[in-house]
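Biologist: I'm new to looking at protein structures. Could you walk me through how to read one?

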Amino acid sequence: MPREGSALPELKTRTWRSTRAALHAYAQVAGAIRGAFSPREKHWFHASLRTEALGLTTTPIPARQGSFEITIDLATVRWCVTFNDGRRWEAPLRGQSAAELFATTAPVLSEAVRITRVRRAQFD
C-alpha cells in the first residue's frame, strides 16, 4: 500500500535481506572483474555496473581478443557472460557465494582474458 502522498509502495527490506545480500555479492564479482580490465576512471566509474531492461550489466569489457560483457539477468535469475564473437555462457544464480560464482566464471573468462588480475581471495 503506498504511503500517503507517495505513488510508490513501501519496501519491506526485512523480507528480502538474503536476496539483497546475494545480489550485492554478485554485483561485487561483476564490478571487480570490470574494474580489473577496464581503463581507470575517476570515482571508480570503471568498476560500476549499469542498469538494463533485465537487470545489471558491466557493459563491454576489453579483452585480449575482442570484448565480453557480464549481465546479472534478474528476469531469468542467471549470470551471463557474452563474448563479442557470439559465444554466451550462463549460470543460474541460486544463492551461491561470491567465491563460488567467481570460481565457476574464471575458467570461462580465462579463454578470452588473463583472469589472474582478479583473485578468488577477494570474494572469500
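Modeller: Sure, let's start with strands. Strands here are DSSP runs of E with at least two residues, numbered from the N terminus, and two of them pair if DSSP finds at least two bridges between them. Keep in mind that this is a predicted model.

Biologist: Okay, so which residue takes a positive phi in the hairpin of β4 and β5?

Modeller: That's V77, with a positive phi near 55°. The hairpin has four residues between the strands. In the hairpin of β3 and β4, also with four residues between the strands, G66 takes a positive phi near 85°.

Biologist: How many bridges pair β4 with strand β5?

Modeller: Six, and the two strands pair in the antiparallel sense. β5 covers residues 78-83. To see one spot for yourself, find D73, which stands opposite R78 in β5.

Biologist: What about strand β2, how many bridges join it to β4?

Modeller: Three, and those strands run antiparallel. G55 stands opposite D73 in β4. Strand β3, residues 61-62, also pairs with β4 in the antiparallel sense, over two bridges. There, the bridge partner of I61 is F68.

Biologist: How do I read whether β4 is enclosed or open?

Modeller: Here's the idea: a residue counts as buried under 20% relative accessible area. Five of the seven residues of β4 (residues 67-73) are buried, so this strand is largely enclosed by the rest of the structure.

Biologist: And is G86 buried or exposed?

Modeller: G86 is exposed, with a relative accessible area of 57%. Look for G86 in the loop between β5 and β6. G86 and F68 are 18 residues apart in sequence and 9.6 Å apart in space, C-alpha to C-alpha.

Biologist: Let's try charges. Which residue forms a salt bridge with R78?

Modeller: The general idea is that side chains of opposite charge can pair when their charged atoms come close. In this model, R78 forms a salt bridge with E90, and their closest N and O atoms are 2.8 Å apart. That pair links distant parts of the chain, with R78 in strand β5 and E90 in strand β6, twelve residues apart. E90 also meets R88 in a salt bridge, at 2.7 Å from N to O. So R78, R88 and E90 are linked in a network of salt bridges.

Biologist: Which residues gather in a patch of positive charge on the surface?

Modeller: K12, R14, R17 and R20. Take R17, which sits in helix α1, residues 17-37. R17 is partly exposed, with a relative accessible area of 49%.

Note on methods: Residues numbered from 1 in each chain as written. Predicted model: local features only at pLDDT ≥ 70, side-chain atom pairs only at ≥ 80, totals over all residues. Heavy atoms only, no water. Buried < 20%, exposed > 50% of the residue type's maximum accessible area, 1.4 Å probe, protein only. Patch = residues over 30% accessible without salt bridge, like charges linked within 9 Å, V, L, I, M, F, W, Y side chains within 5 Å. Areas by Shrake-Rupley, 256 points an atom, 1.4 Å probe, with all protein chains shown as cover. Salt bridge = Lys/Arg side-chain N within 4 Å of Asp/Glu carboxyl O. Lys, Arg positive; Asp, Glu negative; His and termini not counted. Charge placed at Lys NZ, Arg CZ, Asp CG, Glu CD.
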